[in-house]
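Biologist: I should be grateful for a close look at a single part of this model, the sheet, together with whatever lies against it. Please take me through it in one connected account.

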Amino acid sequence: AESELLQAQKMEAVGQLTGGLAHDFNNLLTAVVGNLDLIRARATEPRITRLAENAFKAAERGSKLTAQLLAFSRTQKLATESVDLNRLIMNASELLNTSLGASISIKTELDARAPFVVADYNQLEVSLLNLAINARDAMPDGGTLTITTACDDPDNRRVMLSVADTGKGMPPDVIARAFDPFFTTKPPGKGTGLGLSQVYGLVRQMGGDVDIKSEVGKGTLVQLSLRRSIAGTETAAEAQAAAESGHA
Ligand code: ADP
């Protein structure tokens, strides 16, 4: 419980910091990137071109990082609704396919009886994409990404959304720190360490939880346990039936 409190405090600190700074920073970087692009294009000396190119790339990386920070700070305010997980996954499949590339095959195992969940549709889609990108990074030689929905909770209160990969896996010390903002094992410019902490923050805000199971050399399973939506519709089929009988 103590570490959870610490986690929440860290998240809040990062959120506050970024809320104010990232926006201004982003504007400044836009100017830097724009000017460097001009210098790069107009430079007559090869050395200057190369230096401008390096600076341009670094500034672009900074710009990407601030964009992620902005997204991170925005997660403070969610627009939750009743979301059909299966539909969200199906709608995202094209985006996932293009983001993962040809060497990774995507499998979906969707439970048609999965009830709707309490979630912010767009933010949950971002989370799914975040998890998929992590899975891709863990499978540089290709592999399989499996997205599953399930409702095996005996109380029927929770619905699971899991993302599993056949990648390199995570040792225990990495799992322990995975949700920490800025914790990354990826080389500079590749990872920001904000992906999983963002997912964790979002899902907790939606009343859910995140669990990681991983084995080095075998793969990783990230499980989101989401709250079943009670006020709204039940399953897609029931929603349809309700809509047709005029009770929706
Ligand atoms: P980033 O991806 O920018 O490094 P994250 O917060 O998303 O930041 O992830 C933190 C770290 O957790 C990663 O650097 C990586 O070491 C580990 N990780 C996350 N997802 C996976 C995965 N699917 N397989 C192996 N390691 C992972």
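Modeller: A150 stands opposite M160 in β5, and T149 has L161 of β5 as its bridge partner. This is a predicted model, and these two pairs offer a convenient entry to its sheet. β4 (residues 143-150) runs parallel to β2 (residues 104-109), but β4 and β5 (residues 158-165) pair in the antiparallel sense. There are 6 bridges between β2 and β4, and 6 bridges between β4 and β5. On the β2 side, E109 is the residue that stands opposite T148 in β4. As for side chains, those of a regular strand alternate between the two faces of the sheet.

The wider sheet may now be added. It is an open sheet of 5 strands, with mixed pairing, and the order is β2-β4-β5-β7-β6. Which strands stand at the edges? They are β2 and β6 (209-215); each has a single partner strand, so one side of each is left without a neighbour in the sheet. From one strand to the next, the twist averages 15°.

Two helices should be described along with these strands. Helix α3 (residues 85-100) lies across β2, β4 and β5, and runs at about 175° to β2. Helix α4 packs on the sheet as well, where it touches β2, β4, β5 and β7 (219-227). The direction of α4 makes about 25° with that of β5.

Within α4, which spans residues 121-138, one finds V126. Is V126 buried or exposed? It is classed as partly exposed because 19 other C-beta atoms lie within 10 Å, whereas a buried residue would need 20 or more. V126 can also be placed relative to T30: the two are 96 residues apart in sequence, and their C-alpha atoms are 24 Å apart in space.

Helix α4 also leads to the ligand. Both α4 and α6 (195-205) supply at least two residues each to the shell around the ligand. There are 22 residues around the ligand, of which N134, A138, T184, G191 and G195 come nearest. By class, this shell has 11 polar, 8 nonpolar and 3 charged residues. Helix α4 thus appears twice in this account: it packs on the sheet, and it supplies residues of the shell around the ligand.

Definitions and conventions: Residues are numbered from 1 along each chain as its sequence is written. This is a predicted model: local features need pLDDT of at least 70, side-chain atom pairs count only at pLDDT 80 or more; totals for chains, interfaces and linings use all residues. Two strands pair if DSSP finds at least two bridges between them. Helices (H or I, at least four residues) and strands (E, at least two) are DSSP runs, numbered from the N terminus. A residue is buried if 20 or more other C-beta atoms lie within 10 Å of its own, exposed if 12 or fewer, and partly exposed in between; C-beta atoms are placed from the backbone. Axes are lines fitted to C-alpha atoms, for helices over the stretch in contact, and angles run from 0 to 180 degrees between N-to-C directions. Two residues are in contact if their C-beta atoms, placed from the backbone, lie within 7 Å. A residue is near a molecule or strand if its C-beta atom, placed from the backbone, lies within 6 Å of it. Ala, Val, Leu, Ile, Met, Phe, Trp, Tyr, Cys and Pro count as nonpolar, Asp, Glu, Lys and Arg as charged, and the others, Gly among them, as polar.
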